[in-house]
Amino acid sequence: MAERLRDNRKTEEIRAKVRETKLEISNFIYPLFIEEAENIKKEIASMPGIYRYSLDRISEELDEVVALGIQSVILFGIPLHKDAEGSESWNDEGIIQKAIRYIKTNYPSLQVIADVCFCEYTDHGHCGVLCERDVDNDLTLVNLRKQVLAQAKAGVDMVAPSGMMDFAVREIRAELDKNGFQHIPIMGYSVKYCSSYYGPFRDAADSAPSFGDRRTYQMDPANRNEALKEAQADIDEGAEILMVKPALSYLDIIRDLKNNFDLPIAAYNVSGEYSMIKAAGKNGWIDEQKVMMETLLSIKRAGADIIITYHAKEAAKLLAPPSLPKGEEKMPS
Ligand code: PBG
Ligand code: ZN
């Protein structure tokens with residue numbers, strides 16, 4: 001006999017008990033843009049509520065992040081000097097290395113993840129070393145090892161290579177292990193599509209390619225089977241966490257990875273996805289908070305254990321447990 005399915009929807013009490021997916025603050029990773037400069041807190045025009053900070057003001061952001069119970073941040077650096085290879089990215093005194101040391105010293109409880117790529121550091125904006133107007137995979141691997149070693153020496157907790165170079169995870173794992181950093185996990189941007197949803201990020205991180213696009217290294221949005229191959233490659237090379245990016249147009253891919261692999265799955269709710277909700281909310285066309293929470297929930301329901309999102313602070317505020325009325329903070333003894 002068919003169930004009366006509405007019975008389990010009658011009250012919030014029963015709905016809460018049968019709810020299959022729950023968002024938690026611990027699911028979130030919050031991205032930070034850190035500029036090599038002084039006294040900077042600059043809002044990104046296309047990402048309301050998201051700022052570029054210089055290191056001397058980043059505590060304004062971190063105090064709030066910690067107070068809200070967010071446990072993890074992922075760092076993107078905007079260096080003062082760019083060159084053809086992005087050599088600032090492996091400078092021990094480079095912006096990200098300084099940022100890692102600053103955060104681990106002053107906010108030791110925060111998990112600090114570093115994005116590993118070159119597009120913010122190269123004067124041409126591509127994700128590696130150029131050879132005949134395309135990124136050379138194996139020359140880039142050599143520099144990837146240098147960048148990740150500098151981050152490890154600075155005290156990073158996890159690294160996340162985002163450049164979609166073949167064998168990046170293998171090379172990074174080898175370099176970390178060789179230098180005594182076996183314990184640093186790798187979150188591979190395993191399945192990263194060549195997406196137009198990254199537009200606002202490239203303004204934020206000053207990382208737009210000066211010519212062409214990233215189609216020779218990032219994945220074709222049309223491909224689904226290839227995603228499994230990319231994920232398998234990262235597993236074989238030693239990744240601890242697999243990521244799908246972007247999230248919303250790729251929920252099918254998140255579910256594919258969840259169903260096929262045992263590793264934790266992360267999803268990157270990217271800049272363009274954030275900006276669209278903000279824009280529609282500002283216009284009063286949607287209930288911004290509700291659409292935000294429904295969106296984050298959908299990413300989790302699709303199979304993501306971890307969500308990298310610019311909404312993390314706002315979502316954390318909504319998820320925080322209501323504080324007890326005064327005088328009832330403690331159990332009576
Ligand atoms: C750099 C990088 C990008 C993002 C994260 N790391 C941009 C790109 O590949 O062009 C995008 C994040 C976002 O849009 O929020 N490799
Ligand atoms: Zn890049």
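**A tour of the zinc site and ligand 1**

Begin by selecting the zinc ion (ligand 2), whose site is tetrahedral, with angles of 97 to 124 degrees among its 4 donor atoms. As you look around, keep in mind that this is a predicted model.

Next, show the side chains of Cys117, Cys119 and Cys127, because these are the protein donors of the zinc ion (ligand 2), each through its SG atom, and they lie 2.2 to 2.3 Å from the ion. If you follow the chain through these donor residues, you will find them spaced in sequence as C-x1-C-x7-C. Now colour strand S5 (111-116) and strand S6 (130-131): Cys117 and Cys127 both lie in the loop between S5 and S6, so the pair ties together parts that are 10 residues apart in sequence. With a surface switched on, check these two cysteines again, since Cys117 and Cys127 are each buried.

Then move to ligand 1 and select the residues around it, of which there are 17, with Lys192, Arg202, Lys245, Ser271 and Tyr310 the closest. Three of these names deserve a distance label. For Lys192, draw the line from a polar side-chain atom to an oxygen atom of ligand 1, which gives 2.7 Å. For Ser271, an N or O atom in the side chain is 2.7 Å from an oxygen atom of the ligand, while for Tyr310 a polar side-chain atom lies 2.6 Å from an oxygen atom of ligand 1.

Finally, show the surface of the protein around the ligand: of the 400 Å² of accessible area that ligand 1 has on its own, the protein covers 100%.

Technical notes
Residues are numbered from 1 along each chain as its sequence is written. Chains are lettered from A and ligands numbered from 1 in the order in which they are written. This is a predicted model: local features need pLDDT of at least 70, side-chain atom pairs count only at pLDDT 80 or more; totals for chains, interfaces and linings use all residues. Side-chain values use heavy atoms; hydrogens and water are left out. Donors are N, O and S atoms within 2.8 Å of the metal (3.2 Å for Na, K and Ca); water is not among the atoms, so sites may look incomplete. Four donors count as tetrahedral if all angles lie between 85 and 135 degrees; four count as square planar and six as octahedral if opposite donors are over 155 degrees apart and all others between 65 and 115; anything else is irregular. Helices (H or I, at least four residues) and strands (E, at least two) are DSSP runs, numbered from the N terminus. Buried means under 20% relative accessible area, exposed over 50%, partly exposed in between (1.4 Å probe, protein chains only). A residue is near a molecule or strand if one of its heavy atoms lies within 4 Å of it. A polar contact is a pair of N or O atoms within 3.5 Å; within protein, one must be able to donate a hydrogen and the other to accept it, and residues adjacent in sequence count only if both atoms are side-chain atoms. Accessible areas come from the Shrake-Rupley method with a 1.4 Å probe; for residues, only the protein chains shown count as cover.
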